[in-house]
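Student: Got a minute to go through a model with me? I'd like to start with the overall picture.

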Amino acid sequence: MTLIIIIAVIALLGFWGVGVYNNLVKLRNNRENAFANIDVQLKQRHDLVQQLVAVVKGYAEHEKEVLTRVTEARSAAINAKDINSKIEAENALTSALAGLKISLEAYPDLKANQNFLQLQTEIADIENKLAAVRRYFNTATREFNNAVQTFPSNIFANFFGFHKEPMFEVSNEERVDLDKAPEIKF
């Protein structure tokens, strides 16, 4: 009878361990799927940025530094291979696009150009979609990190090589800008 109880306890612990492991795998896969959704939006963003740069070049030939920064950031974002490098590259592209928006304020004719307005609207739409899928990615990452860090699943996570993953956060450069009060001009 004691042997049956011991075997039953071991079997229950085994089933529980398999359940914890499967949950960790499911959460990791959910996080990776969430980033795949970001990749789809990033591909559209990269295509639109290339078109935007081409339109802006016609109007702002002397703004080469800003355009070069956007183009280089786009290229780095396209060539990033893993999730962490993509997060870093996309933050750099976001920062470069913000610099482009600021430099465009000096070109009222460009702001009235139909191609530019359409591209600007499409980029704004993509940025909104990116914000939504980034929130989803960060939620999936938070759930995964909670499972990896909380007891008792952290025991299995450490044993099977699961570790805390980074969120898709605002870069330090962008955080400085966000901490400033917005400047409103009329």
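Tutor: Sure, let's take the fold, the confidence, the core and the surface in turn.

Student: What's the secondary structure of the protein chain?

Tutor: This is a predicted model, and its chain has seven helices and zero strands.

Student: Where is confidence lowest, and where is it highest?

Tutor: Helix H4 (residues 108–112) is at the bottom with a mean pLDDT of 56, while helix H6 (residues 153–160) tops out at 91. The chain averages 81, and 77% of the residues score at least 70. Where pLDDT is low, don't read the predicted coordinates in detail.

Student: OK, on to the inside. Which residues touch the most other members of the largest nonpolar core?

Tutor: Phe35, Ile38, Val70 and Phe137, out of 28 residues in that core. H1, H2 (64–79), H3 (83–104) and H5 (114–149) each put in at least two residues. H1 gives the largest share, with eight.

Student: And what is phenylalanine 35 in contact with, leaving aside neighbours within four places in sequence?

Tutor: Ile83, Lys86, Ile87, Phe137 and Phe168. There's also another core apart from the largest one, with nine residues, including Leu24, Val148, Ala157 and Phe162.

Student: How much of the chain is buried?

Tutor: Buried residues come to 35% of the 186.

Student: Switching to the outside: which residues form a nonpolar patch on the surface?

Tutor: Met1, Ile4, Ile5, Val9, Leu13 and Trp16, with about 680 Å² of accessible area together. Of these, isoleucine 5 sits in helix H1 (residues 2–59). The whole chain exposes about 12,000 Å², and carbon and sulfur atoms supply 59% of that.

Key
Residues are numbered from 1 along each chain as its sequence is written. This is a predicted model: local features need pLDDT of at least 70, side-chain atom pairs count only at pLDDT 80 or more; totals for chains, interfaces and linings use all residues. Side-chain values use heavy atoms; hydrogens and water are left out. Patches are made of residues with over 30% relative accessible area and no salt bridge: like charges are joined within 9 Å, nonpolar side chains (Val, Leu, Ile, Met, Phe, Trp, Tyr) within 5 Å. Accessible areas come from the Shrake-Rupley method with a 1.4 Å probe; for residues, only the protein chains shown count as cover. A salt bridge is a side-chain nitrogen of Lys or Arg within 4 Å of a carboxyl oxygen of Asp or Glu. Helices (H or I, at least four residues) and strands (E, at least two) are DSSP runs, numbered from the N terminus. pLDDT is the predictor's confidence in each residue, from 0 to 100. A nonpolar core is a set of buried Ala, Val, Leu, Ile, Met, Phe, Trp, Tyr and Cys residues joined through side-chain atoms within 4.5 Å. Buried means under 20% relative accessible area, exposed over 50%, partly exposed in between (1.4 Å probe, protein chains only). Contact means heavy atoms within 4.5 Å.
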